[in-house]
Amino acid sequence: MSTETATPVATARSSAEATPPRAGGAPRRGRRTVQQRNRPLWLLLPGGILMLLVIIVPFVFALVISTLDLDMYTLRDWVSAPFIGLGNYIEALTSSSLLQSIWISVSFAVIAAVVTLPIGVAAALATQNAFRGRALVRSLFLVPYVLPGFVVGTFWHTMLQPHGIVDTVLGDLGIHTGLWLNGPLSYWTLVMVQIWSSWPFFYLLVLAGLQSIEHEVHEAAAIDGAGWWAKLRYVILPALRGPIALALIISLLHNINGFTLPFVLFGVPAPQAVNVLPVLTYVTSFQSFRFGLSAAMAVFSLILIAIPLFVYLRAVRLDTGDDRKEKTA
């Protein structure tokens, strides 16, 4: 009996002695728990303070102002301005100017982004392979994008003046147009100038995505006898799904929130066809001096911008809760 019971104990002792102890003398699972508890979260403090001062505080301040009847008469003592609750929001929604500006901003942003996408993809595909002068061509492609919005607006405002360079050239070709900066053509002028200035952004992201495709994938497609259309459809475009989606979302956000280009190109008051939401908010605040109403419009603008951003974050599965569920599973 004593021999039979001693044998398992001796075996367990010998196996324990043969197994080298882990570093720190603690099991691996416990060590991970300690590391997770001792994460230096204080390193996020500078970024958190900056976000608090730049984003959260102005947003809360705008929410407070949007509930006040704040104008040029009550601005001096704005703390005691009459509290009207949701009155500014109701006035903004019932006015036709806000709804029309939202429609103009959204339609302009979508049209400009959709038209810009194939231009950027085509330019990236054209400059992907090496050829003589490729560096010069790539540099020239970036010129519209690196120019500040104020310079782009001033340049095209001068070009599109009545009897300007554009009208002179088109007149010599027998093409007679109307006013570019006023009337029905102003909307399409804004779309055209935005496309001209923003397509290199798509070009950059798509070109970076093309560099991530392995050369062996192209060789395998060529060996299988795939033509250029089949390679583009089944190899290149699926690999560019992420960069294209990111470029579309950023372009939509930039176009909806864009103020400099329409402000410089058309001035204020802008034609009704290009009275986008940022320009309307500016006019309501600094020309009509309805600061409470303009703050309510700014809140609507923020909500409008948050919609495509939320859709993108859900599409790429960046939600931290989903990541935790996948890790625990």
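1. Start with helix 12, where Trp229 and Tyr234 are exposed on one side (exposed means over 50% relative accessible area, buried under 20%, partly exposed in between, with a 1.4 Å probe and protein chains only). On the other side from these two, Leu232, Val235 and Ile236 are buried. Those three cover an arc of only 125° around the axis, so they sit on the same side of helix 12; the arc is that of the directions from the helix axis to the C-beta atoms. As a reminder, an α-helix has 3.6 residues a turn, so residues three or four places apart point the same way.

2. Before going on, keep in mind that this is a predicted model: local features need pLDDT of at least 70, side-chain atom pairs count only at pLDDT 80 or more, and totals for chains, interfaces and linings use all residues. Residues are numbered from 1 along each chain as its sequence is written, and side-chain values use heavy atoms, with hydrogens and water left out.

3. On confidence, the mean pLDDT of the protein is 82, and 84% of its residues reach 70 or more (pLDDT is the predictor's confidence in each residue, from 0 to 100). Helix 1 (residues 2–18) has the lowest confidence, at a mean of 44, while helix 14 (residues 260–266) has the highest, at 93. Over residues 21–27 the pLDDT is below 50, and this stretch has four contacts in the model beyond near neighbours in sequence (contact means heavy atoms within 4.5 Å). Residues 318–324 also stay under 50, with six contacts beyond four places in sequence.

4. Back to helix 12 (residues 228–239): its 12 residues reach 15 Å from first C-alpha to last, close to the 16 Å expected at 1.5 Å a residue. That expected span is 1.5 Å times one less than the number of residues. What covers its buried residues? Helix 5 (96–126), helix 10 (185–211) and helix 11 (215–223) are among the elements that do. Helices here are DSSP runs (H or I, at least four residues), numbered from the N terminus.

5. Helix 5 is also home to Ser105, which counts as buried at 1% relative accessibility. A polar atom of the Ser105 side chain lies 2.9 Å from the backbone nitrogen of Leu277. Not counting residues up to four places away in sequence, Ser105 touches Ile256, Val276, Leu277 and Pro278.

6. Thr67 is worth a look too: it lies in the loop between helix 3 (45–66) and helix 4 (87–94), and is buried at 18% relative accessible area. Its side chain has a polar atom 2.7 Å from the backbone oxygen of Val64. Leaving aside neighbours within four places in sequence, Thr67 is in contact with Pro82, Phe83, Ile84, Gly85 and Asn88.

7. Finally, the rings. Ring pairs link Phe259, Phe263, Tyr282 and Phe286 into a cluster (rings of Phe, Tyr and Trp, the last by its six-membered ring, pair if their centres lie within 6.5 Å; planes under 30 degrees apart count as stacked, over 60 as edge-to-face and the rest as tilted). Phe263 is partly exposed, at 26%. The rings of Phe263 and Tyr282 have centres 5.3 Å apart and planes at 75°, so this pair is edge-to-face. Phe263 lies in helix 14 and Tyr282 in helix 15 (residues 277–286), so the pair ties together parts that are 19 residues apart in sequence. Tyr282 is partly exposed as well, at 27%.

Technical notes
Polar contact = N/O pair within 3.5 Å; in protein donor to acceptor, adjacent residues only side chain to side chain.
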